[in-house]
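Reader: Hello! I am new to protein models and would like to learn how to read one. Could we go through one together, feature by feature?

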Amino acid sequence: MSSAGDPQPEPTASFSAMMHEMRNQLAVAKANLEAFIDGKIPVTPERLTALAQTIDQLARLTLDLREVPRDVHASAEPRRINVCVLLQGEFRAMEAVAAAKRISLSVTQCAHRARECENFYGDPARIGQIIKNVLLNAVRYTPEGGSIAVDCSRVADEVQVTISDTGPGIPSAEISRVFEPGYRGSSSATAEGTGQGLAIVKHLVEEHGGEVRVLESDGGGATFVVRLPGESSSVAHQPQ
């Protein structure tokens, strides 16, 4: 049996992580359909495209089940993508999830898309998982009527997505543990979750040669920063 420090998950952990990701995609798709039906958000071509993106990611995960128990992350498929369009779809798909808790979700993106972002090298499904996990985490910990702010920009030749919420925040003593598989901090008593989402985020971000970190805040709320270089040499699993 592997020790806690081993880089690859045990078979049971792989399957559990896979189920976690599939539940996330289903939850987002369900929230969007319910919001359309209830009239909480208008049905637009852009939102339908975002919903289709979520369903595509779920379909990809069902195919990934073939890799379990070998490695839940073994089938990454990096390629050239327009990461701005991809991320915009992720943000739109989360509008319904936030609206269900009366949480305000604001998104700021670059006014002009950089050429590097339109020719970004990465796995679109995995990048979608990264952003969806961090945003779902923010929604879970933000109280009803709170707010989440997203800033997406290019910083030092990388795509940087900063997600800030008005939840209880993360105590300084716990910041070093938030990406541990199964870890749930002192603020998790009132929030649903398994403690796997952020561990999956860290694995997928590092697989893309990027970095994810939490900023310390004395005024409450949590801020996560995801940085992805989008270069072929930075992606661990390249197509054969």
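Author: Gladly! Let us begin with the order of the elements: from the N terminus on, they run α-α-β-α-β-α-β-α-β-β-α-β-β. Please keep in mind that this is a predicted model.

Reader: How many helices and strands are there in the chain?

Author: The chain has six helices and seven strands.

Reader: What share of the residues of the chain counts as buried?

Author: Of its 240 residues, 49% are buried. The surface can be described too: about 11,800 Å² is exposed, and carbon and sulfur atoms supply 52% of that area. As for contacts with a separation of 6 or more, 73% of them are between residues 24 or more positions apart.

Reader: Let us take one helix, then. What span should the 17 residues of H3 have, at 1.5 Å a residue?

Author: The expected span is 24 Å, and the end C-alpha atoms of H3 are 25 Å apart, which agrees.

Reader: How many of the residues of H3 are buried?

Author: Twelve of the 17 are buried, so H3 is largely enclosed by the rest of the structure. Among them are Val83, Leu87, Phe91, Met94 and Val97. Glu90 is also on that list, and we will meet Glu90 again shortly.

Reader: Which residue caps the N-terminal end of H3?

Author: That is Asn82. One of its side-chain oxygens lies 3.1 Å from the backbone nitrogen of Cys84.

Reader: Next, charged side chains. What is the general idea there?

Author: Side chains of opposite charge can pair when their charged atoms come close. In this structure there are eight salt bridges. One of them joins the side chains of Lys132 and Glu90, at 2.6 Å from N to O. This pair links distant parts of the chain, with Lys132 in helix H5 (residues 124-141) and Glu90 in helix H3, 42 residues apart.

Reader: Are Lys132 and Glu90 buried or exposed?

Author: Buried is the answer for Lys132, at 1% relative accessibility. Glu90 is buried as well, at 1%. Remember that the cut-off for buried is under 20%.

Reader: Which residue meets Arg227 in a salt bridge?

Author: Its partner is Glu158, and the N to O distance is 3.1 Å. Here, too, distant parts of the chain are linked: Arg227 belongs to strand S7 and Glu158 to strand S5, 69 residues apart. Both residues are buried.

Reader: And what can be said about a salt bridge inside one helix?

Author: The general idea comes from the helix itself. An α-helix has 3.6 residues a turn, so residues three or four places apart point the same way. In this structure, Lys202 and Glu206 both lie in helix H6, four residues apart, about one turn of the helix. Their side chains form a salt bridge of 2.6 Å, N to O. Lys202 is partly exposed, with a relative accessibility of 30%, and Glu206 is partly exposed at 47%.

Reader: Where is His203 found?

Author: His203 is in helix H6. With 24% relative accessibility, His203 counts as partly exposed. Its C-alpha atom is 9.3 Å from that of Ile130, although the two residues are 73 apart along the chain.

Reader: How do I read a pair of aromatic rings?

Author: A pair of aromatic rings is described by the distance of the centres and the angle of the planes. In this model the count is one aromatic pair. Phe179 and Phe224 form it, edge-to-face, with 6.2 Å from centre to centre and 90 degrees between the planes. Phe179 sits in the loop between strand S5 (158-165) and helix H6 (197-207), while Phe224 sits in strand S7 (residues 223-228), so the pair ties together parts that are 45 residues apart in sequence. Phe179 is buried, at 14% relative accessible area, and Phe224 is buried at 2%.

Reader: Last topic: backbone angles. What is the phi of Arg102?

Author: The phi of Arg102 is near 55 degrees, a positive value in a residue other than glycine. Arg102 lies in the loop between helix H3 (83-99) and strand S2 (104-109), and Arg102 is exposed, with 57% relative accessible area.

Reader: And what is the phi of Ala156?

Author: Ala156 has a phi near 50 degrees, again positive in a residue other than glycine. Ala156 is in the loop between strand S4 (147-155) and S5, and at 62% relative accessibility Ala156 counts as exposed.

Methods: Residues numbered from 1 in each chain as written. Predicted model: local features only at pLDDT ≥ 70, side-chain atom pairs only at ≥ 80, totals over all residues. Heavy atoms only, no water. Phe/Tyr/Trp six-rings, centres within 6.5 Å; stacked < 30°, edge-to-face > 60°. Helix = DSSP H or I, 4+ residues; strand = E, 2+ residues; numbered from the N terminus. Buried < 20%, exposed > 50% of the residue type's maximum accessible area, 1.4 Å probe, protein only. Salt bridge = Lys/Arg side-chain N within 4 Å of Asp/Glu carboxyl O. Expected span 1.5 Å × (residues − 1). Polar contact = N/O pair within 3.5 Å; in protein donor to acceptor, adjacent residues only side chain to side chain. Contact = heavy atoms within 4.5 Å. Areas by Shrake-Rupley, 256 points an atom, 1.4 Å probe, with all protein chains shown as cover.
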